[in-house]
Amino acid sequence: MNPVPRLEAAEIHVVRLPLVSPFTTSFGTQTHKEAVLVCLRSDGTTGWGESTAMPDPFYSYETNTTVCQVLRLYLLPVLLAATDLTPMDAPHLFRRVRGHPMAKAAAENALWDLWARRNDVPLFAALGGMARRIPSGISIGLQDSPERLLAAVADACAAGYHRVKIKIKRGQDEALVREVRRSFPALPLMVDANADYTPADFPLLQRLDDFNLMMMEQPLAEGDLFQHARLQARLRTPVCLDESIGTLSDAEAAHALGSCRVINIKQGRVGGLQAARAIAAFGLGHGLDVWSGGMLETGIGRAVNLHLQTLPGFSLPGDTSATARYFGEDIVDRPVELDADGFIGIPPGPGSGVAIVPDRLRRFCVGHEVITP
Ligand code: OSB
Ligand code: MG
C-alpha cells in the first residue's frame with residue numbers, strides 16, 4: 001500500500017442531527033447527536049473521520065469544543081506538515097498531545113479512510129480484518145416506565161438483534177432487570193451502569209448475579225480498577241469495562257488485577273483504530289472477550305465500527321444497530337440495516353464504503369472550518 005504523499009487541506013465539520021427518540025443513560029439524556037467530523041484531502045480523494053465526543057464532559061472529559069480546539073491547534077497542523085503518511089504514523093505524530101483520545105481518533109480514522117481509498121481497498125482489509133458479516137446488538141436507554149422498557153426490548157427481539165443491553169442506574173436496576181428477565185428468559189441480556197455505583201452498592205450488584213446476565217458493564221467509577229477487581233471476585237457475572245479502558249496499558253492492568261473479563265472497545269475512547277486493534281489483539285491473547293461499543297455515531301463512525309469488528313478478537317455482538325433506530329436521515333449513504341438474521345454487512349467499496357451526501361451535510365452543519373498547510 002502506498003503512503004499519502006501529502007495533504008492539501010483538512011476540514012472540521014460540526015453536525016447536529018435530531019435523534020428519533022431521546023437516549024437516556026445514568027449521566028443524562030440526549031435528544032440530538034452533535035458530532036465533530038474531520039475531512040482530509042489529497043489529490044482529489046477525501047477521507048472522513050468522526051469524533052465520538054459529546055457536547056458535555058459527562059461520559060468522559062472531552063467535549064466537542066475541546067475536540068475542535070485540539071484538532072485545529074495541534075493534530076491537523078501536524079498531519080498537514082507531514083509527508084508520505086500512513087495511518088500507522090498518526091499515534092507517533094500525536095504523541096506530544098496528552099490525552100484527548102477522541103480528537104486523535106477522529107484525525108487518525110480520517111487518515112485510515114483516505115489511505116484505504118487511495119489504495120482502492122476496503123478499510124477492513126487495510127486493518128487486516130476478514131470479510132464477514134457482523135452480529136448486531138442494541139443498547140436501550142433508560143425508559144420512563146417498566147412497560148416502555150419491556151416494549152423496547154420486545155421490539156429489539158423482533159428486529160433480530162443478537163443481544164440486548166439495557167441501561168441501569170441507582171434506583172432503576174434490580175426490579176427492571178427482574179421484569180425483563182421474567183418476560184425474556186432466554187434473551188442474551190446485559191446491563192450498563194455508566195459508572196453510577198460505588199462499593200457501597202456491592203450487595204445490590206451481587207443480587208444481579210441471579211439474572212443470568214451476559215455481563216455487567218462499567219458498574220463503578222472510571223478510574224477504579226481496584227474496586228472493579230474486588231467486585232469481579234464476588235460475581236459470577238463477567239464485569240465488562242468501558243469508561244475505565246483508555247489505553248492498552250489500562251487493558252493490561254485490568255487483566256492483571258482481575259478487574260474485568262470483557263472489554264467494550266470504543267475506537268474513539270482509546271484514541272483510534274490502531275489502539276483499538278492492539279487492545280483486541282491483547283484480549284484475544286489473554287482470554288478477554290472484546291466487542292465494539294458505540295456512541296450513537298452518524299454513518300461515518302458507524303461504518304468504522306463495522307470494519308473494526310472484522311478483526312480477530314471481536315468475539316461478541318457489539319452496540320452497532322441500524323441507522324433508522326437513531327436517525328430519520330443520516331449524513332451518509334448507505335444507511336446500516338439488519339439482514340433478516342440480525343447480521344450487518346460491511347459497506348462495500350474502498351475505505352469505509354459510505355459516502356457523505358453533500359446536501360444533508362449542509363443541512364445538518366452547525367460549524368465548518370478549513371485548515372491548510
Ligand atoms: O456507555 O456504551 C455506552 C451511548 C453514549 C454514551 C455511552 C454509551 C452509549 C451507548 C449507546 O450505550 C451505544 C450505541 O447505540 O451507539
Ligand atoms: Mg458503556
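This passage describes the surroundings of ligand 1 in a predicted model. Local features need pLDDT of at least 70, side-chain atom pairs count only at pLDDT 80 or more, and totals for chains, interfaces and linings use all residues. Residues are numbered from 1 along each chain as its sequence is written, and side-chain values use heavy atoms, without hydrogens or water.

The whole structure holds three cavities of 30 Å³ or more. A cavity is a set of points on a 1 Å grid over the protein atoms alone, where a 1.4 Å probe fits but cannot get out. The largest has a volume of about 170 Å³. It is lined by 19 residues (each with an atom within 4 Å of a point), and those closest to its centre are Phe 23, Lys 167, Gly 294, Met 295 and Leu 296. Ligand 1 takes up the space of this largest cavity, with more than half of its atoms within 2 Å of the grid points.

Around ligand 1 stand 17 residues, each with a heavy atom within 4 Å. The closest are Ser 139, Asn 194, Lys 266, Leu 296 and Tyr 326. Seven of the shell residues are nonpolar, three polar and seven charged. Domain 1 (4–120 + 354–371) and domain 2 (126–344) each supply at least three of them.

Oxygen atoms of ligand 1 make polar contacts (N or O pairs within 3.5 Å). The side chain of Lys 266 comes to 2.9 Å, and that of Lys 167 to 3.0 Å. Met 295 uses a backbone N or O atom, at 3.3 Å. The protein covers 100% of the 380 Å² of accessible area that ligand 1 has on its own (Shrake-Rupley method, 1.4 Å probe).

Methods. Chains are lettered from A and ligands numbered from 1 in the order in which they are written. A polar contact is a pair of N or O atoms within 3.5 Å; within protein, one must be able to donate a hydrogen and the other to accept it, and residues adjacent in sequence count only if both atoms are side-chain atoms. On a 1 Å grid over the protein atoms alone, a cavity is a set of points where a 1.4 Å probe fits but cannot get out, and a pocket is an open set with protein on both sides within 12 Å along at least five of seven lines; lining residues have an atom within 4 Å of a point. Ala, Val, Leu, Ile, Met, Phe, Trp, Tyr, Cys and Pro count as nonpolar, Asp, Glu, Lys and Arg as charged, and the others, Gly among them, as polar. Domain bounds come from an automatic or database domain assignment. Grid points are joined across faces, edges and corners, and a volume is the space filled by probe spheres set on the points.
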